[in-house]
Amino acid sequence: MIICVASGKGGTGKTLVATSLALSLSANHKVQLLDSDVEEPNANILLRVPMKHSQPVYIPIPSVDETKCTYCGKCAEVCAYNAIAVIKKKVLVFPELCHGCGACPYLCPESAITEEGKEVGVVERGDSQNLELIQGRLNVGEAMAPPVIREVKKHIDHGSVVVIDAPPGTSCPVIEAVKGSDFCLLVTEPTPFGLNDLSLAVEVVRELDMPCGVIINRVGLGSDEVEQYCHREEIPIMLRIPLDRDIATLYSRGIALIEGMPHWRQEFLRVFQDTKGMIDANRSAE
Ligand code: SF4
Ligand code: SF4
């Protein structure tokens, strides 16, 4: 079972939820936590799992053999990312724009393009008792998060409960992290910004045809507009976490919620049971 924890914006408590869920479940299940927030992986600040393996992630960047090239311009024509240009008798490759999609080497009529690996990040792995942490880390200055997220997800063990901590937002890296999950937990806060970003995240999840539920963090902060929205859209509210100085203090000290306040474990186990029930209902309705 794969549960993705996502949010329309950063700072809503997504990592707090993902780590609490993973730690709660790991007492009785084999659990993998995939930190796919590769620009800023921070789940391990709370989990403190010793990392044992690290492997680089490469993307294939085109390299042009100008002795074969006829400067036909086909490569620039097929590149959707403007990562290759043909100017008179010169082919220019812009590695920072290249997505390594393989279209230009495939379509070059002269077979003048080969590919060279360019390191864009790393995948690190470690474990502690029943919990395995797999985290991606994008190299500083790199923009290509999806290939690193794809490498993280290659380590999914379908015999474990998998919790994915997605990047914030609603762009390509989020879709890469969310797709293929059985359920998406959307974390938000009860503010107008929270509502706006939640509604965008709901659109993405619905586009992927995936069941979802909402966790409202910092309840007491704003209005009940998020509650009303969920009611209107028939999205279940799985958990409400209050605005609480003690919770914020634990987080700022790098202490996982269920370690500092063990009574929350039952709440997250209930969220898991409810999620499981909704996944089963969704499967039997298909
Ligand atoms: S498609 Fe191949 S032959 Fe044509 S310009 Fe690009 S590299 Fe040269
Ligand atoms: S590999 Fe894809 S993204 Fe990179 S330059 Fe070629 S066509 Fe463009």
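Begin by selecting ligand 1: the space that it takes is the second largest cavity. The model under view is a predicted one. Display the residues around ligand 1, of which there are 13, the closest being Cys69, Cys72, Gly73, Cys75 and Cys108. If this shell is coloured by class, 9 of its residues are nonpolar, 2 are polar and 2 are charged.

Next, select ligand 2, which sits in the largest cavity. Which residues are found around ligand 2? They are Pro62, Cys79, Tyr81, Ala83, Cys98, His99, Gly100, Cys101, Gly102, Ala103 and Cys104. The same colouring by class gives 8 nonpolar and 3 polar residues for the shell of ligand 2, with no charged residues.

**The whole protein**

Now zoom out until the entire chain is visible. The secondary structure of the protein consists of 11 helices and 11 strands. Along the principal axes, the C-alpha atoms fill a box of roughly 70 × 45 × 40 Å. The protein has 286 residues, and buried residues make up 48% of them. Consider also how the chain meets itself: of the contacts between residues at least 6 apart in sequence, 73% join residues at least 24 apart.

**Helix H5**

Select residues 145-153, which form helix H5. Why can this helix be described as largely enclosed by the rest of the structure? The reason is that 7 of its 9 residues are buried. These buried residues are Ala145, Pro146, Pro147, Val148, Ile149, Val152 and Lys153. To see what covers them, add the surrounding elements, including strand E2 (31-35), strand E3 (51-64), strand E6 (113-128) and strand E7 (131-138). Strand E8 (161-165) and helix H6 (172-178) also belong to this cover.

Within helix H5, pick out Val148. Its relative accessibility is 0%, so Val148 counts as buried. Apart from neighbours within four places in sequence, Val148 is in contact with Val38, Val57, Val120, Gly121, Val122, Val123, Gly136, Arg137 and Leu138. For a distance across the model, draw a line from the C-alpha atom of Val148 to that of Glu286: the two residues are 138 apart in sequence and 32 Å apart in space.

**Helix H8**

Move on to residues 225-233, helix H8, where Val226, Tyr229 and Cys230 are buried. Turn the view to look down the axis of H8: the buried residues fall within an arc of 95°, so they line one face of the helix. On the other side of H8, select His231 and Arg232, both of which are exposed.

What do the buried residues of H8 pack against? Their partners are strand E9 (183-188), helix H7 (192-207), strand E10 (212-219) and strand E11 (237-242). Following H8 along the chain leads to Glu234, whose phi is positive, near 55°.

**Gly10**

For the final stop, select Gly10, in the loop between strand E1 (2-6) and helix H1 (14-25). Is Gly10 buried or partly exposed? Its relative accessible area is 41%, which makes Gly10 partly exposed. Then add Thr188 to the selection: Gly10 and Thr188 lie 178 residues apart along the chain, yet their C-alpha atoms are separated by 9.5 Å.

Note on methods
Residues numbered from 1 in each chain as written. Chains lettered and ligands numbered in written order. Predicted model: local features only at pLDDT ≥ 70, side-chain atom pairs only at ≥ 80, totals over all residues. Heavy atoms only, no water. Buried < 20%, exposed > 50% of the residue type's maximum accessible area, 1.4 Å probe, protein only. Helix = DSSP H or I, 4+ residues; strand = E, 2+ residues; numbered from the N terminus. Arc of directions from axis to C-beta. Contact = heavy atoms within 4.5 Å. Near = heavy atom within 4 Å. 1 Å grid on protein atoms, 1.4 Å probe; cavity = no way out; pocket = protein on both sides within 12 Å on 5 of 7 lines; lining within 4 Å. Sits in = over half its atoms within 2 Å of the grid points. Nonpolar A, V, L, I, M, F, W, Y, C, P; charged D, E, K, R; others polar.
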